[in-house]
Amino acid sequence: MPTVTLTIDGKQVTVPKGTTILQAAWQAGAFVPTLCHDHELSNPGACRICVVEVKGARALVASCCAEANEGMEVQTASPAVIEARKTILELMLDNHPEDCLTCHQAGDCKLQDYAYFYGVKAGVFGGQKKDYQVEDDNLFIVRDMNKCILCGKCLRACEEKQGRAVIDFAYRGFRTKVSTGMDKPLADSVCVSCGSCVAVCPTGALTEKAMLGKARKWEVEKVRTTCPFCGVGCNFD
Ligand code: FES
């Protein structure tokens, strides 16, 4: 198999041709955060938190969707990279509820983890916040679109893992949201509540109703199972 050799933070690493910079960086032991990336799904490069500095490139590169090339020199934690990641997190937090103390996802939230890691706080820009009603009329899933960071993992999991495409991005600009067709509640859509979207959500936007108020995520053992709901037989964790 053809390979390429590149340098990540001064360390040489050889990877199969076609490997992304992100995978090469992880192979080299570098810490590169991700929010919209999932190795089982397509890579839209939506969140940009994985940016790295590539010598000779005119701008920072989203490492999850850029191929590693021969001779590349990559910096995963240069001042420009850290600054960019902090700004991305500040923008996300500015449009996010500040209820981490009572959020069911606290302690298992990538947004919270990265904000802590980079020392980023909410309220830097003081802009408008989303104000959606929390949707909990579905038997299995609670949706709080105020906590959605628009990474799109849920809709890619729905389409690419389950072949259903029940949800997609709707509206534009600040009002962009993940929505069912005609923006109906999940309970009135063709969603079969398989839970694939919940399993990949990096924040508290999607929650299993059965978990709410009963246990924190890390207190529950996950097993691979088959959804009994409609007879399709979807498997998920
Ligand atoms: Fe690379 Fe989101 S993880 S753009």
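This passage walks through a predicted model, from overall dimensions down to individual strands and residues.

Start with the overall build. The protein has 237 residues and a radius of gyration of 19 Å, which agrees with the value near 18 Å that a compact globule of that length would have. Laid along the principal axes, the C-alpha atoms fill a box of roughly 55 × 45 × 35 Å. The secondary structure comes to five helices and eleven strands. About burial, 33% of the 237 residues count as buried. Contacts reach well along the chain, too: taking those between residues at least 6 apart in sequence, 62% join residues at least 24 apart.

The chain splits into two parts, with domain 1 covering residues 3-77 and domain 2 covering residues 87-236. Their centres, taken over C-alpha atoms, sit 26 Å apart. Twelve residues of domain 1 and 14 residues of domain 2 make up the contact. On the domain 1 side, the touching residues break down into eight nonpolar, three charged and one polar.

What fills the space between the domains? Part of the answer is the largest nonpolar core, which lies between domain 1 and domain 2 because both of them give residues to it. This core counts 53 residues, and the ones with the most contacts inside it are Ile21, Ala24, Ala25, Val52, Val74, Cys154 and Cys197. Helix α2, residues 79-94, is the top contributor, giving five residues to the core.

Val74 is a handy residue for seeing how the core is wired. Setting aside residues up to four places away in sequence, Val74 touches Leu6, Thr7, Ile8, Ile21, Ala25, Val52 and Val54. Three of these names come back from the core list, as Ile21, Ala25 and Val52 are also among the residues with the most contacts inside the core. Val74 itself falls within β5, which spans 73-75.

Strand β5 belongs to an open sheet of five strands, ordered β2-β1-β5-β3-β4 with mixed pairing. At the edges are β2 (11-16) and β4, each of which pairs on one side only. Inside the sheet, β3 (residues 51-54) and β5 run antiparallel and are joined by two bridges. Across this pair, Glu53 stands opposite Gln75 of β5. As a general point, side chains in a regular strand alternate between the two faces of the sheet.

Just ahead of β5, the loop that follows β4 (61-62) holds Glu70. Is Glu70 buried or exposed? Glu70 is exposed, since it has 11 other C-beta atoms within 10 Å, and a residue with 12 or fewer counts as exposed. Even so, Glu70 has partners from far off in sequence: its C-alpha atom is separated by 5.2 Å from that of Thr5, 65 residues away along the chain. Leaving out neighbours within four places in sequence, the contacts of Glu70 are Val4, Thr5 and Leu6. Leu6 turns up again as one of the residues touched by Val74.

Over in domain 2, which runs 87-236, there is a hairpin to look at. Strands β7 (residues 167-170) and β8 (residues 177-180) run antiparallel, joined by four bridges. One of the pairings matches Asp168 with Ser179 in β8. Six residues lie between the two strands of the hairpin, and Tyr171 takes a positive phi near 65° there.

Technical notes:
Residues are numbered from 1 along each chain as its sequence is written. This is a predicted model: local features need pLDDT of at least 70, side-chain atom pairs count only at pLDDT 80 or more; totals for chains, interfaces and linings use all residues. Two strands pair if DSSP finds at least two bridges between them. Domain bounds come from an automatic or database domain assignment. Two residues are in contact if their C-beta atoms, placed from the backbone, lie within 7 Å. Ala, Val, Leu, Ile, Met, Phe, Trp, Tyr, Cys and Pro count as nonpolar, Asp, Glu, Lys and Arg as charged, and the others, Gly among them, as polar. The radius of gyration is taken over C-alpha atoms; the globule rule is 2.2 Å times the number of residues to the power 0.38. A residue is buried if 20 or more other C-beta atoms lie within 10 Å of its own, exposed if 12 or fewer, and partly exposed in between; C-beta atoms are placed from the backbone. A nonpolar core is a set of buried Ala, Val, Leu, Ile, Met, Phe, Trp, Tyr and Cys residues joined through C-beta atoms within 7 Å.
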